[in-house]
Amino acid sequence: MPRFLLTLMVSGLALLAGCGYGFKSGQVREGLDTVGVAFFDNRSTEPDLEVILTEAVIRLLIEDRTLRIADEQVSDAILYGTIRRYTFAPAFFNQERQADEYRIDIDVEVQMVDRRSGETIIGPERVKGTASFYPGDGPEAEEQARQDSFTMIVEGILNLVVEEW
């Protein structure tokens, strides 16, 4: 009998997948189906972070499929983000007092608001991305550290937006 139930469950899942149904990875509060992502505000001195982070958040929300992306004028909620700080600084020094390792810190504040009522759903909350690299590893190491910081931030934002209600 258990083998029969397993076969039935697998067949049911295959049928659902074939009919265009899918499973969402998270949950949001009832009545929240769409989100508009406002272009992030960049208050740091590092150019173009707002473009990178806004696009990355949208991309991850699309991949997650819990909420659909919609225009801000018709979405159920709007996600706002402000890049508060970007720092690039030495993290560790060698015996000659030269930097052996550098660290990138990015601090972002996010808030999600119900478009219809104006009620704050999330935030404002701070999300931070941090990564280190060794300058001797070449320019690719610095870029990888930036990407790692972005990934931490975007995943942190997704966790705030798509959580158990």
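Buried here means under 20% relative accessible area, exposed means over 50%, and partly exposed is in between, using a 1.4 Å probe and protein chains only. By that yardstick Asp48 is partly exposed, because its relative accessible area is 46%.

Some ground rules. This is a predicted model, where local features need pLDDT of at least 70, side-chain atom pairs count only at pLDDT 80 or more, and totals for chains, interfaces and linings use all residues. Residues are numbered from 1 along each chain as its sequence is written, and side-chain values use heavy atoms, with hydrogens and water left out.

**How far to trust it**

The predictor's confidence in each residue, pLDDT, runs from 0 to 100. The protein chain averages 84, and 81% of the residues score at least 70. Confidence is highest in strand β2 (residues 41-42), at 98, and lowest in helix α1 (residues 2-18), at a mean of 39. Helices (H or I, at least four residues) and strands (E, at least two) are DSSP runs, numbered from the N terminus. Over residues 1-24 pLDDT stays under 50, and the model has seven contacts for them beyond four places in sequence. A contact means heavy atoms within 4.5 Å.

**The core**

A nonpolar core is a set of buried Ala, Val, Leu, Ile, Met, Phe, Trp, Tyr and Cys residues joined through side-chain atoms within 4.5 Å. The largest one has 34 residues, and Leu79, Met112, Ile157 and Val161 have the most contacts inside it. At least two residues of this core come from each of β1 (34-37), α2, β4, β5 (99-114), β6 (120-133) and α3. The largest share, nine residues, is from α3. Leaving aside neighbours within four places in sequence, Met112 is in contact with residues including Leu32, Val35, Leu79, Ile121 and Val161.

Helix α3 also holds Ser149. Ser149 counts as buried because its relative accessible area is 0%. Beyond four places in sequence, Ser149 is in contact with Ile104, Ile106, Gly129, Thr130 and Ala131.

**The largest pocket**

A pocket is an open set of points on a 1 Å grid over the protein atoms alone, where a 1.4 Å probe fits, with protein on both sides within 12 Å along at least five of seven lines; lining residues have an atom within 4 Å of a point. The largest pocket has about 190 Å³ of space. Its lining includes Ile52, Arg59, Glu63, Phe150 and Glu155. Both α2 (49-64) and α3 (139-161) supply at least two residues of that lining, which splits into five nonpolar, two polar and three charged.

**Backbone oddities**

Most residues other than glycine have a negative phi, and most peptide bonds are trans. Here are two residues with a positive phi:

| Residue | Place | Phi |
|---|---|---|
| Asp48 | loop between β2 and α2 | near 70 degrees |
| Arg97 | loop between β4 and β5 | near 60 degrees |

Arg97 is exposed, because its relative accessible area is 72%. The peptide bond from Gly123 to Pro124 is cis, with omega near 0 degrees, and Pro124 sits in strand β6.

Another proline, Pro90, is in strand β4 (residues 77-93). Is Pro90 buried, partly exposed or exposed? Pro90 counts as partly exposed, because its relative accessibility is 40%. Not counting residues up to four places away in sequence, Pro90 touches Ala99, Glu101 and Tyr102. The C-alpha atoms of Pro90 and Glu101 are 6.0 Å apart, though eleven residues separate the two along the chain.

Methods. Points joined across faces, edges and corners; volume = space filled by probe spheres on them. Nonpolar A, V, L, I, M, F, W, Y, C, P; charged D, E, K, R; others polar.
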